[in-house]
Amino acid sequence: MDKRPILRLNDLRVSFQSGKKFVPAVDGISFELKEGEILGIVGESGSGKSVTSLATMGLIPAPPGKIDNGEIIFEGNDLINISEKEWRKIRGNQISMIFQEPMTSLNPLFTIGNQLMEAIRLHTDLTKSQTKVRSMELLKLVGIPRAEGILKEHPHQLSGGMRQRVMIAMAMACNPKVLIADEPTTALDVTIQAQILELMKDLNKKTNTSIILITHDLGVVAEICERVIVMYSGQIVEQGSVHKILKDPQHPYTKGLLKSVPDLRGKKDRLYSIPGTVPAPGTIQNGCRFAARCEEAFGQCRTESPELYKSEKDGHEVRCFLHTLKEGSDKHVGVTS
Ligand SMILES: Nc1ncnc2c1ncn2[C@@H]1O[C@H](COP(=O)(O)OP(=O)(O)O)[C@@H](O)[C@H]1O
Ligand code: SF4
Ligand SMILES: [Mg+2]
């Protein structure tokens with residue numbers, strides 16, 4: 001049976017003021033997160049991944065940011081226009097987030113115990129002794145064995161991996177329905193990265209929390225996600241099952257990302273990187289946003305913008321003209337400009 005969607009973004013558009021005009025950073029994103037699933041969002045730096053997640057937490061800084069359009073449907077309610085007071089009931093409670101560098105999110109002056117207990121107190125009405133018990137439970141949940149000792153320590157006394165575990169414990173304090181992890185392992189070395197990914201997989205299984213895992217690394221997605229969204233220049237360029245995307249990527253950008261993960265292709269000698277960089281928001285007026293970097297670009301790519309095409313067979317989505325040239329049952333879903 002199909003899992004129930006818990007969160008749905010419809011045509012989300014966010015822009016930032018630059019001089020006198022607003023330039024789009026997220027340009028018509030639509031996707032669904034299902035109950036209990038781990039969804040990956042992948043793309044190079046500057047593709048709009050963090051802006052998408054900040055919007056989903058009601059945290060777009062305005063000014064300079066502005067939500068131009070869209071719906072954020074969480075458990076049937078649209079969050080896009082709710083007040084800050086209403087956001088406070090949802091943020092950290094029903095939808096939680098962890099960031100790349102846990103040191104900046106932890107206060108260096110207070111012990112782990114102070115901060116963890118404060119996070120619990122903020123969102124629950126437990127007594128002081130119940131709060132202490134809950135902190136110990138949470139630290140155990142995130143695989144910290146000597147919980148009692150850690151509660152008395154300060155952030156700088158812990159390793160990067162331990163700090164990230166503490167941040168995850170704080171994010172899980174209220175059993176959120178959705179956990180957004182924005183590059184949670186980027187600052188960590190490879191062994192610790194694998195442990196944190198394993199922990200997130202384990203938490204997802206134990207608590208059924210749905211997870212959005214944001215990363216620039218398709219290798220990380222391959223480890224723990226079932227479905228993945230590939231973002232480029234503020235848009236979705238491909239979306240589908242991780243199995244299919246790793247085996248048979250459709251979009252030239254996804255193919256490039258895949259080639260740059262040596263372990264997945266078994267070629268460890270030379271690390272490939274896609275030539276060029278993500279265009280700055282608002283700089284491409286005509287044609288496919290990936291055209292300047294695309295090995296397969298042709299005439300039409302420089303003059304028209306490809307729309308998102310959805311396969312009727314398996315719901316796989318891809319934004320590329322090559323796809324429309326292929327025969328098959330693919331159908332245009334007309335999601336964006
Ligand atoms: N606070 C901000 N002020 C101005 N522009 C911003 C801000 N945050 C993000 N942007 C713009 O949004 C684009 C996408 O950023 P971001 O979502 O952080 O990318 P990613 O997380 O994929 O690396 C950036 O290229 C930048 O131009
Ligand atoms: S539309 Fe053209 S330029 Fe864009 S990804 Fe496809 S082939 Fe490349
Ligand atoms: Mg980011």
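In this predicted model, Asn 208 is partly exposed, because its relative accessibility is 44%, a value between the 20% and 50% limits. The residue is found in the loop between helix H8 and strand S8 (210-215). Its phi is near 65°. This is a positive value in a residue other than glycine. Most residues other than glycine have a negative phi.

A second residue shares this backbone feature. Glu 183 is not a glycine, yet it has a positive phi of about 50°. It lies in the loop between strand S7 (178-182) and helix H8 (190-207). Glu 183 counts as buried, because its relative accessibility is 10%, which is under 20%. Helix H8 thus borders the loop of Glu 183 and also the loop of Asn 208.

Two peptide bonds also call for comment. Most peptide bonds are trans. The bond from Ala 62 to Pro 63 is cis, with omega near -10°. The bond from Pro 63 to Pro 64 is cis as well, with omega near 5°. Pro 63 is found in the loop between helix H1 (49-56) and strand S4 (65-74). Pro 64 is found in the loop between H1 and S4 too.

Attention now turns to the interior. In soluble globular proteins, nonpolar side chains tend to be buried together. The largest nonpolar core holds 59 residues. Those that touch the most other members are Leu 116, Leu 139, Val 166, Ile 168, Met 200, Leu 213 and Tyr 253. Helix H7 (residues 160-171) gives the most to this core, with six residues. Ile 168 is in contact with Ile 98, Val 142, Ile 196, Leu 199, Met 200 and Leu 203, leaving aside its neighbours within four places in sequence. A second core is separate and has 33 residues. Among them are Leu 12, Val 14, Ile 72 and Ile 80.

The ligand site completes the description. Ligand 2 is surrounded by 13 residues. The closest are Cys 288, Cys 294, Cys 301, Cys 320 and Phe 321. The shell around ligand 2 divides into 11 nonpolar residues, one polar and one charged. The space that ligand 2 takes is the largest cavity.

Terms used. Residues are numbered from 1 along each chain as its sequence is written. Chains are lettered from A and ligands numbered from 1 in the order in which they are written. This is a predicted model: local features need pLDDT of at least 70, side-chain atom pairs count only at pLDDT 80 or more; totals for chains, interfaces and linings use all residues. Side-chain values use heavy atoms; hydrogens and water are left out. A residue is near a molecule or strand if one of its heavy atoms lies within 4 Å of it. On a 1 Å grid over the protein atoms alone, a cavity is a set of points where a 1.4 Å probe fits but cannot get out, and a pocket is an open set with protein on both sides within 12 Å along at least five of seven lines; lining residues have an atom within 4 Å of a point. A molecule sits in a cavity or pocket if more than half of its atoms lie within 2 Å of its grid points. Ala, Val, Leu, Ile, Met, Phe, Trp, Tyr, Cys and Pro count as nonpolar, Asp, Glu, Lys and Arg as charged, and the others, Gly among them, as polar. Helices (H or I, at least four residues) and strands (E, at least two) are DSSP runs, numbered from the N terminus. Buried means under 20% relative accessible area, exposed over 50%, partly exposed in between (1.4 Å probe, protein chains only). A nonpolar core is a set of buried Ala, Val, Leu, Ile, Met, Phe, Trp, Tyr and Cys residues joined through side-chain atoms within 4.5 Å. Contact means heavy atoms within 4.5 Å.
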